[in-house]
Amino acid sequence: MIGEPRDPRARAYVPWIILIVSLGVQLWGLYTNDPPDTEGFGFPGMDLIVHFVLFAVPTWALVKVVPKAWMAVVPMALHVGVSEIIQATLLSERSGEWTDALAGLLGVAVGWWTAVRVDEEERERAS
């Protein structure tokens, strides 16, 4: 694939780097009391897309680095609910919404499916 390191050992670090960066972005995006102003840039549904991406990317990376996929999916799915409860109760400028939770759960599902499917395709090519 274009842009992939030729050394397989170097490839092993890529999911870890993506995981660390995406979790940092996720925590900031979910728990900052002063989210960025999207005035003039926002559109209907943008918040749902953000929630989807904030959970899809770290779930994909976590599935790549843990031994069993459920070890990534369960904590990320629980984090969806916890994040909405925290936003609704502890962050004065935020609100917990079921549509955000649904978008987050869909992100977890797509992140899991993508990681598992790519692994299956890589194994098929290798054999």
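# A tour of a five-helix model

Start by selecting valine 21, which is found in helix 2. The coordinates come from a predicted model. Valine 21 has a relative accessible area of 53% and is therefore exposed, the cut-off for that class being over 50%. From its C-alpha, draw a distance to the C-alpha of proline 58: the two are 8.6 Å apart in space, with their positions 37 residues apart in sequence.

**The surface of helix 2**

Keep valine 21 selected and add Tyr13, Ile17 and Val25. These four residues form a nonpolar patch on the surface. Together they offer about 420 Å² of accessible area. Isoleucine 17 sits in helix 2, which runs over residues 13–31. Is isoleucine 17 buried or exposed? Its relative accessibility is 54%, so it counts as exposed.

**The whole chain**

Zoom out and colour by secondary structure. The protein has five helices and zero strands, and its pattern along the sequence reads α-α-α-α-α. Of the 127 residues, 27% are buried. The accessible surface comes to about 8,500 Å², and carbon and sulfur atoms account for 68% of that surface. Now turn on contacts between residues at least 6 apart in sequence: 77% of them join residues at least 24 apart.

**Helix 3**

Select residues 46–65, which make up helix 3. Put a distance between the C-alpha atoms at its two ends. The result is 29 Å, which agrees with the 28 Å that 20 residues should span at 1.5 Å a residue. Next, show the side chains of its buried residues: Met46, His51, Leu54, Phe55, Ala56, Pro58, Thr59, Ala61, Leu62 and Val63. Which elements cover them? The cover includes helix 2, helix 4 (residues 70–89) and helix 5 (residues 98–126).

**Threonine 59**

Within helix 3, pick threonine 59. Its relative accessible area is 0%, so this residue is buried. Leaving out residues up to four places away in sequence, threonine 59 touches Ala72, Met76, Val108, Gly111 and Trp112. Two C-alpha distances are worth drawing here. One goes to tryptophan 113, which is 54 residues away along the chain and 9.6 Å away in space. The other goes to threonine 114, 55 residues away in sequence and 9.6 Å away in space.

**The nonpolar core**

Hide the surface residues and look at the packing inside. In soluble globular proteins, nonpolar side chains tend to be buried together. Here the largest nonpolar core has 13 residues. Select Phe55, Leu62, Met76, Val80 and Val108, the members with the most contacts inside this core. Helix 2, helix 3, helix 4 and helix 5 each supply at least two of the core residues. The largest share, five residues, comes from helix 3.

Centre the view on methionine 76. Apart from neighbours within four places in sequence, methionine 76 is in contact with Gln26, Phe55, Pro58, Thr59, Leu62 and Val108.

**Serine 83**

Stay on helix 4 and move to serine 83, which belongs to that helix. At a relative accessible area of 0%, serine 83 is buried. What does serine 83 touch, not counting residues up to four places away in sequence? The residues are Leu30, Tyr31 and Phe55.

**Helix 5**

The last stop is helix 5, with 29 residues. Its first and last C-alpha atoms are 42 Å apart, close to the 42 Å expected at 1.5 Å a residue. Display the buried residues: Asp100, Ala101, Ala103, Gly104, Gly107, Val108, Gly111 and Ala115. Helix 3 and helix 4 are among the elements that cover them.

Finish at threonine 114, also a residue of helix 5. Threonine 114 has a relative accessible area of 29%, so it is partly exposed; the buried class ends under 20%. To close the loop, select threonine 59 again, whose relative accessible area is 0%, and view it alongside threonine 114, with 9.6 Å between their C-alpha atoms.

Key: Residues numbered from 1 in each chain as written. Predicted model: local features only at pLDDT ≥ 70, side-chain atom pairs only at ≥ 80, totals over all residues. Heavy atoms only, no water. Patch = residues over 30% accessible without salt bridge, like charges linked within 9 Å, V, L, I, M, F, W, Y side chains within 5 Å. Areas by Shrake-Rupley, 256 points an atom, 1.4 Å probe, with all protein chains shown as cover. Salt bridge = Lys/Arg side-chain N within 4 Å of Asp/Glu carboxyl O. Helix = DSSP H or I, 4+ residues; strand = E, 2+ residues; numbered from the N terminus. Buried < 20%, exposed > 50% of the residue type's maximum accessible area, 1.4 Å probe, protein only. Contact = heavy atoms within 4.5 Å. Expected span 1.5 Å × (residues − 1). Core = buried A, V, L, I, M, F, W, Y, C linked by side-chain atoms within 4.5 Å.
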